[in-house]
Structure formats: structure tokens, C-alpha cells
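Colleague: Got a minute to go through this one with me? I'd like to start with a single residue and work outwards.

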Amino acid sequence: MTEMPLPFAAVLFPGGVFALVLGLCLKGLDRRIAARLQRRVGPPLAQPFFDLIKLARKDSLVPKAAPRLLFLTLPLAGTSTAALAVALLPIGGVYAPPAALGDLLVLLYLLAVPAITLMLAGSASASPFGAIGFSREMAMVLAYEGPLLMVIAAVAVFVGRAEGQTVTFSLTEIVAWQQAHGPLIGEPALWPALLAYLAFYPANLGMVPFDIPEAEPEVLDGPLLEYSGPALGLFELMSATKAVVVLGLGIALFCPLAPADPATALVIHLLKYAVLTALGVSVVRTAMGRMRIDQAFRFFLKGPLWLALASLLLVLGRMG
Amino acid sequence: MTLFAHLAGRSPWLYRINAGSCNGCDVELATTACIPRYDVERLGCRYCGSPRHADIVLVTGPLTIRVKDKALHLWAEVPDPKVTVAVGVCPISGGVFRESYAIAGPLDRFIPVDVNVPGCPPRPQAIIEGIAKAIEIWAQRL
């Protein structure tokens, strides 16, 4: 593993440009696979790039009642936060984030920012559909944030105690421990947490069955309803990059193993992203319908919350 | 610049306006997207929920008096450059509703129509050909 200078890590690799491009590629892959599952031909793999170039050339309209500055800076804030958050994720055998960037707790805050920009965008767009999108997004965040916190706590306590401390919030340490002792995906006490994580990420990414805030036939894209042109393009970028952060966090927490050779390790890391996108995103969204907001809320309170809590208690009990 | 215009032309997003249609054409429009055999997504198309996201506007129905103002307002919400396609015989001439007291159409009295796809309802192949023609026109305007 090599230490990279902080600006390079945040702007070029693995945060910033690399994250944006990877996000768009995964999105193209997802659309292609979903089309194939429905026995359609599907768009070309580079379709998200075409979409972005197109949106950059369109008019950007701002509703009369909307606060112009806030309305137009929100997508920028959301996208740059998501791109920065990728720099906090270590890649096994290739990259360890500089300590100055922060640990898991900072990442948790950065993960919340895109959701908040979406909420603000919904309410700033001065549209009733945006307001509905805002309240639904808020309900979803309340539903999935709890399980996520407990999943992260379970892993942090597990690795922390195995290393002889009480808890560690350093992702670098968590990945290094797994390189030495095997991946946490093979640890029965953490299986419930893994299941909870698998339920969390479609909700965070706003995908079927949890795409309730942006449900197109119901609330006409909700928070994004009034956005057009470059601003909408930035929101597309944000959602693509958010997928890189959330899937990358899953890889780092549960299965970061990679060979020592950096080139092979990077290829394997990208393959993990592709597999996760294909199985966890495309297949799920093709196979399921959309839940109602109350169903989704209850689902998270009944399922993932208890699973994550069970995992945390198992970890605490077994080692305490 | 021309390269970017060319690439941008591969991402036309579609928006449907139902201007008092009997829903027959709308079902056919859904068919072009939802049935594997007629996949418009391979042309880079995507049906979007908001007029602000759209590039190509597909109008169905004879533009009834009740819906006229709202339909024209929706059309005006679509950011430039845009292309308008009249789907079905109704927006083109009024179809079976021609000369009815309840009709404000045909559509090209009020907005410039770029492509006509006649039929009652038009077949999915015809709609896809109309969309393909609209994409050509739209790519020149970019």
C-alpha cells in the first residue's frame, strides 16, 4: 500500500475524477444488465456519458419562486461531497486514505450529505411534488440511518476488540486486519449485519424497491422535478458517485481482500464493484416493485434494525 | 464541438403529453418502452416524469378545449432545444373527433410540430420510426 498526497487522493484517484467516471461506468453497466434481464437490447454502455454531455448543452431553468443561488449550488455540493467521500475508502492492496481525511465517522457524515442536498433541492424547487419528495426522502433517511450506524458499530467493535482495543473507527485498520485474518464476510456473528447492510444500500441509492422519494410515475422524480440541464446532470453524477461510495463501503467492511500486486488488486476491486452492481442493483431492481413509504419504513424498523442490533449484541457478548 | 453534439444526440429523453387522447396511443407508447421486442432505450431514449428533463415531446390526443391551456403550458416548460412529435391521427387532423365542438386542435395551430406519426393508433414500429426521425432533427438543433 502506498500513501498518496491528500490533494491527489481527493481530486484524482480514488476520489474525484476516478470516482465520477467509475460511477458512470457502473450506471451504464447496470442499465445494460437490467435491459438484458428484461430481454431487451438496452442502451450502449457509455449511455450515462452521452446523457451527461446532452444535459450540459441544455437550458437550465430556475422556477420563479425558487431561491436561485441555493437551487443551483445544491447539486454541486452533493456531487463534490460524494466524490470526496470515495477518497476515504481504502482499496485493499492499492490505496490507504491519508489520516488527515478522516475515518468511518467522517464518512458517515459525508454519506448523509447527498440525501440532505436532495431534501433541500426538493423544498427549494417550490413544487408540491418536490415537497412530497422531501418528506419521503426524510422518512427514508430516518429509516435506514439507524441500521447503518449499528452495522458500522458492530464491525468497529469486532475489529477493535480483536486488536485488543475497545473499538476502532479507522477503515484502514479494519481493512488491514481483514488482510491478515480473513474477510469479515466469513464471520457468523456479523452475518446479520451483512444482511442489514444489503437492505440499507438500495435505500440509500434510491433504487427499486426503495426509490420512493423519486418515484417517477407517482411524484414525477420528486426533488428533481424542477431541475433541468447542467444542474440535473450534476444530480445524475451525484447518484452515480453515491453508488461508488456505498458499494465501496460494503467492500471495505466485509470483503476487502486483494493480492499484494497493486495492478491485480485494482482489477479485482473493480470486478467486485461490477459483481455487486449486477447482482445487488440490476437483478434486485428488475425483480421487485416499488414499496409504499409506510411499508418501507416499517420494513426497516422490523428487519434490518433488529438484524444489525443482533449482530452488535453478538459481537459484544461473544468477546465481552 | 461537433463531436460533442454528435454524442449528445445519442441521449434523447422522451416526454408524453396526453392532450385528451382516448389512451390508445398512450398504450402504444408504453409498448415501445415496456415490451422487449420494441426497445426504445437502445436509441438512448428514456421516458421521464418531468417536462424539464425532456428533449422530445410526444403529443397524443386531439387537443380538447379543456386541456388546451394546460398542454401548451406543459409544452412551454420543456427546455430548448426540443422536438415535437404528433402521435396518432388526432393531433394531426382531429381524427374521429374532427369538427367536434369540444376540440381546439389540430395541434400545429398552436405549436410547431416536427414529425407526424399517423395511425389510430399507430403501430409501435411507426412510433419508433417517428422517434428516430425526431432524433435526427433534434441532433441538428443541438
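Modeller: Sure. B:Val57 touches B:Tyr15, B:Ile17, B:Trp75, B:Val78, B:Val83, B:Thr84 and B:Val85, leaving out residues up to four places away in sequence. Bear in mind that this is a predicted model.

Colleague: Which element is B:Val57 in?

Modeller: B:Val57 belongs to strand E3 of chain B, residues 56-60.

Colleague: And is B:Val57 buried or exposed?

Modeller: Buried, because its relative accessibility is 0% and the cut-off for buried is under 20%.

Colleague: How far is B:Val57 from B:Pro79, C-alpha to C-alpha?

Modeller: The separation is 11 Å, with their positions 22 residues apart along the chain.

Colleague: OK, over to chain A. Where does A:Ala180 sit?

Modeller: A:Ala180 is in helix H7 of chain A, which covers residues 171-181.

Colleague: Why does A:Ala180 count as exposed?

Modeller: Because its relative accessible area is 60%, and exposed means over 50%. As for distances, A:Ala180 lies 35 Å from A:Val141 by C-alpha atoms, and the two are 39 residues apart in sequence.

Colleague: What about A:Met150, what is it in contact with?

Modeller: Its contacts are A:Leu305, A:Ala308, A:Leu309 and A:Leu312, once neighbours within four places in sequence are set aside. A:Met150 itself is part of helix H6 of chain A, residues 128-162. Between A:Met150 and A:Ala296 there are 18 Å in space, C-alpha to C-alpha, and 146 residues in sequence.

Colleague: Let's do the interface. How many residues does each chain put into the contact?

Modeller: Chain A brings 30 residues and chain B brings 30 residues. Together they bury about 2,600 Å², and 52% of that is on carbon and sulfur atoms.

Colleague: Which three residues of chain A supply the most of its buried area?

Modeller: A:Lys54, A:Arg57 and A:Lys58. They account for 25% of what chain A buries against chain B, more than any other three residues.

Colleague: How many salt bridges cross over?

Modeller: Seven of them across the interface of chain A and chain B. One pairs the side chains of A:Lys54 and B:Asp55, at 2.5 Å from N to O.

Colleague: A:Lys54 again. What does H3(A) look like as a whole, covered or not?

Modeller: Mostly covered, with seven of its ten residues buried. A:Lys54 is one of the buried ones, and so are A:Gln47, A:Pro48, A:Phe50, A:Asp51, A:Ile53 and A:Leu55.

Colleague: What covers the buried residues of H3(A)?

Modeller: Parts of both chains. The cover includes H2 and H10 of chain A, plus helix H1 (2-8), strand E1 (13-18) and helix H5 (124-141) of chain B.

Colleague: Now empty space. How many cavities turn up?

Modeller: A search of the whole structure gives five of 30 Å³ or more. The largest has a volume of about 70 Å³, and the second largest has about 50 Å³.

Colleague: What lines the largest cavity?

Modeller: A:Pro14, A:Phe18, A:Ala19, A:Leu22, A:Val86, A:Leu89, A:Ile91, A:Val244, A:Gly248, A:His269 and A:Tyr273. By class, that lining has nine nonpolar residues, two polar and no charged. H2(A) gives the most, three residues, and the helices with at least two each are H2 (16-37), H10 (229-254) and H11 (262-287) of chain A.

Colleague: And the second largest cavity, which residues line that?

Modeller: A:Leu24, A:Lys27, A:Arg31, A:Pro48, A:Asp51, A:Leu52, A:Leu55, A:Glu236 and B:Arg46. Two or more of them come from each of H2 and helix H3 (47-56) of chain A. H3(A) has the largest share, with four residues. The lining splits into four nonpolar, no polar and five charged residues.

Colleague: Last one, pockets. How much space is in the second largest pocket?

Modeller: About 280 Å³. Its lining counts 13 residues, and A:Glu226, B:Pro51, B:His73, B:Leu74 and B:Glu77 lie nearest the centre.

Colleague: Which helix gives the most to the lining of that pocket?

Modeller: Helix H3 of chain B, residues 65-77, which gives four residues. By class, the pocket lining has six nonpolar, three polar and four charged residues.

Terms used. Residues are numbered from 1 along each chain as its sequence is written. Chains are lettered from A and ligands numbered from 1 in the order in which they are written. This is a predicted model: local features need pLDDT of at least 70, side-chain atom pairs count only at pLDDT 80 or more; totals for chains, interfaces and linings use all residues. Side-chain values use heavy atoms; hydrogens and water are left out. On a 1 Å grid over the protein atoms alone, a cavity is a set of points where a 1.4 Å probe fits but cannot get out, and a pocket is an open set with protein on both sides within 12 Å along at least five of seven lines; lining residues have an atom within 4 Å of a point. Grid points are joined across faces, edges and corners, and a volume is the space filled by probe spheres set on the points. Ala, Val, Leu, Ile, Met, Phe, Trp, Tyr, Cys and Pro count as nonpolar, Asp, Glu, Lys and Arg as charged, and the others, Gly among them, as polar. Buried means under 20% relative accessible area, exposed over 50%, partly exposed in between (1.4 Å probe, protein chains only). Contact means heavy atoms within 4.5 Å. Buried area is the accessible area (1.4 Å probe) that two parts lose on being put together, summed over both. A salt bridge is a side-chain nitrogen of Lys or Arg within 4 Å of a carboxyl oxygen of Asp or Glu.
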